[in-house]
Amino acid sequence: MPPVIDEEKCVGCGTCAQICPLDVLKYHKETRTVTVRYPDECWHCRACAIDCPKGAIQLRYPLSHMLLHMDAPTIRREELE
């Protein structure tokens, strides 16, 4: 799922587009706006959301990213015998 840009908070600085390692976001200099260019390519690394000075970017995570990982308790070999 692609990043969501809150147009009311966005000041058009382009930091998110510069920091994105996959060029998912595109900065338009003429209009000082940012659009999501490749929505399916987002790795959900949060670089754009972390570096946005106004907090204008939110990420919607796919279900597979939201599942919790829990380790199974460690079982000693002698307990099995």
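A polar contact is a pair of N or O atoms within 3.5 Å, where within protein one atom must be able to donate a hydrogen and the other to accept it, and where residues adjacent in sequence count only if both atoms are side-chain atoms. The model shown here is predicted, so that local features need pLDDT of at least 70 and side-chain atom pairs count only at pLDDT 80 or more, whereas totals for chains, interfaces and linings use all residues. Residues are numbered from 1 along each chain as its sequence is written, and side-chain values use heavy atoms, with hydrogens and water left out.

**View A. The protein chain and its order of helices and strands.** The chain comprises four helices and four strands (DSSP runs numbered from the N terminus, with H or I over at least four residues for a helix and E over at least two for a strand), and their order along the sequence is β-α-β-β-α-β-α-α. Of its 81 residues, 25% count as buried (under 20% relative accessible area, with exposed meaning over 50% and partly exposed lying in between, for a 1.4 Å probe and protein chains only). The accessible surface amounts to about 6600 Å², and 53% of this surface belongs to carbon and sulfur atoms (Shrake-Rupley method, 1.4 Å probe, with only the protein chains shown counting as cover for residues). Among contacts (heavy atoms within 4.5 Å) between residues at least 6 apart in sequence, 45% join residues at least 24 apart.

**View B. The surroundings of H44 in the loop between β3 and α2.** H44 belongs to the loop that runs between β3 (33–36) and α2 (47–51), and this residue counts as buried because its relative accessibility is 11%. The side chain of H44 reaches the backbone oxygen of C42 at 3.5 Å. When neighbours within four places in sequence are left aside, the residues in contact with H44 are M1, L59, R60, Y61, P62 and H65.

**View C. R46, a residue with positive phi in the loop between β3 and α2.** R46 is placed in the loop between β3 and α2, and its phi is near 70 degrees, a positive value in a residue other than glycine. At 36% relative accessibility R46 is classed as partly exposed, and, apart from neighbours within four places in sequence, R46 is in contact with L59 and Y61, residues that also appear among the contacts of H44. Although R46 and C16 are 30 residues apart in sequence, their C-alpha atoms lie 9.8 Å apart in space.

**View D. R37 and D23, residues in contact from separate loops.** R37 lies in the loop between β3 and α2, whereas D23 lies in the loop between α1 (15–19) and β2 (25–28). R37 counts as partly exposed at 36% relative accessibility, and D23 is likewise partly exposed, with a relative accessible area of 42%. The phi of D23 is near 55 degrees, a positive value in a residue other than glycine. Setting aside neighbours within four places in sequence, R37 is in contact with D23, V24, L25 and K26; the C-alpha atoms of R37 and K26, which are eleven residues apart along the chain, are separated by 5.9 Å.

**View E. C13 in the loop between β1 and α1.** The loop that holds C13 runs between β1 (3–5) and α1, and C13 is partly exposed, with a relative accessible area of 35%. Not counting residues up to four places away in sequence, C13 touches Y27, R32 and P53. Of these, Y27 is 14 residues from C13 in sequence, and the two C-alpha atoms are 8.5 Å apart in space.

**View F. Cysteine sulfur atoms without a disulfide.** With a disulfide taken as a pair of cysteine sulfur atoms within 2.5 Å, the count for this model comes to zero. The sulfur of C16 has its closest cysteine sulfur in C10, at 6.2 Å, which is too far for a bond, and C16 counts as buried at 9% relative accessibility. For the sulfur of C45, the closest cysteine sulfur is that of C20, at 6.2 Å, again too far for a bond, while C45 itself is partly exposed, with a relative accessible area of 43%.
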